[in-house]
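Q: Could you take a close look with me at a single part of this model? I would like to go through it slowly.

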Amino acid sequence: MSALSDHKRRRIDELISRTSETGGVSLLRDAGRRLVRNPTAVVGAVIILLFLVIAIFAPLVAPHDPVQRFPELTQNLTVDSIPGATAGHPLGSDPLGRDFASRMIFGARQTLFVGVLATLIGLLIGVLLGAIAGAVGGWLDVLIMRLTDVMLALPSLLLAITLVALASRSTQWTVIIAVAVVNVPIFARLLRGSMLAQRESDHVLAARALGVKRHTIVLRHMLPNSLTAVIVQATLTFAVAILDAAALSFLGLGDPDINRAEWGLMLGVDGVRYFEVRPELAYFPALAIILVALGFTLLGESIREALDPKNRR
């Protein structure tokens with residue numbers, strides 16, 4: 001029994017000395033290490049990085065101008081026949097004689113721009129409302145939470161369709177605003193719940209006991225420690241925002257400009273209309289949307305698992 005106690009004591013002393021030498025490992029650093037070793041996170045990050053590079057360098061990657069009509073494609077173009085892959089046009093033509101590969105590449109820029117910007121706008125507004133509700137409380141908290149409850153009670157896509165339909169004219173920005181508004185209550189409720197949990201934590205109570213001002217406690221102690229869950233949710237929301245924006249364009253509620261290359265619009269206008277003639281016009285945009293959404297979902301779920309203290313070893 002004494003030998004076992006001595007072994008435990010030596011083991012504890014060894015761990016203490018090792019921790020004192022290395023300074024310990026923070027939660028974020030430990031999460032980063034586990035993300036690098038997680039194949040799911042790596043696959044998600046590679047997918048996202050690939051599409052981001054394509055979107056950023058679209059003018060350099062695309063072989064042609066996405067709005068230019070080519071004589072070699074239009075001369076054989078009919079309602080019942082759309083040219084497939086040819087020399088210089090690896091994915092063939094779209095219904096107007098434009099290079100389909102170039103439009104797919106520029107579509108990555110447009111789709112990611114709408115999805116990412118809508119998520120960031122929803123995140124900023126949601127964080128603002130959630131912080132006010134969690135920090136102030138009282139009737140203001142009740143008012144904000146009841147509004148979020150009403151919005152969360154409606155299906156997200158149905159709410160987005162309603163908001164776009166209220167606009168006098170559908171544009172790219174009406175889609176961005178509609179998708180952003182749909183995401184606001186998710187971030188607001190999540191941050192408000194995290195801040196309420198932080199309100200009774202030891203470090204916040206200690207700051208109050210020391211006479212620290214209320215706004216300082218909120219901005220320096222409660223808010224920074226509550227943002228982790230919101231950031232993880234934002235990563236997952238990127239996928240939902242891209243799907244919602246594509247769905248609105250597919251339904252004809254997005255930007256009506258046929259020269260704008262956007263995957264949802266390409267899928268709805270060209271893919272469905274000419275599916276029997278050339279199904280690739282639907283397959284490629286649909287596959288691209290699925291891959292981007294999958295990448296953000298894989299990375300978001302991996303970040304959530306990595307930041308969970310229960311998974312630390």
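Which residues form a nonpolar patch on the surface?

A: Happy to help. This is a predicted model, in which local features need pLDDT of at least 70 and side-chain atom pairs count only at pLDDT 80 or more, while totals for chains, interfaces and linings use all residues. Residues are numbered from 1 along each chain as its sequence is written, and side-chain values use heavy atoms, leaving out hydrogens and water.

The nonpolar patch is formed by Leu49, Leu52, Val53, Ile56, Phe57, Leu60 and Val61. Together they have about 670 Å² of accessible area, a value from the Shrake-Rupley method with a 1.4 Å probe, where for residues only the protein chains shown count as cover. To join such a patch, a residue needs over 30% relative accessible area and no salt bridge, and nonpolar side chains (Val, Leu, Ile, Met, Phe, Trp, Tyr) are joined within 5 Å, like charges within 9 Å. A salt bridge here is a side-chain nitrogen of Lys or Arg within 4 Å of a carboxyl oxygen of Asp or Glu.

Now for where the patch sits. Both α3 (39–56) and α4 (58–61) supply at least two of its residues, and α3 gives the largest share, 4 residues. These helices are DSSP runs (H or I, at least four residues; strands are E, at least two), numbered from the N terminus. Phe57 lies in the loop between α3 and α4. Phe57 counts as partly exposed because its relative accessibility is 41%, and that class falls between buried (under 20%) and exposed (over 50%), with a 1.4 Å probe and protein chains only.
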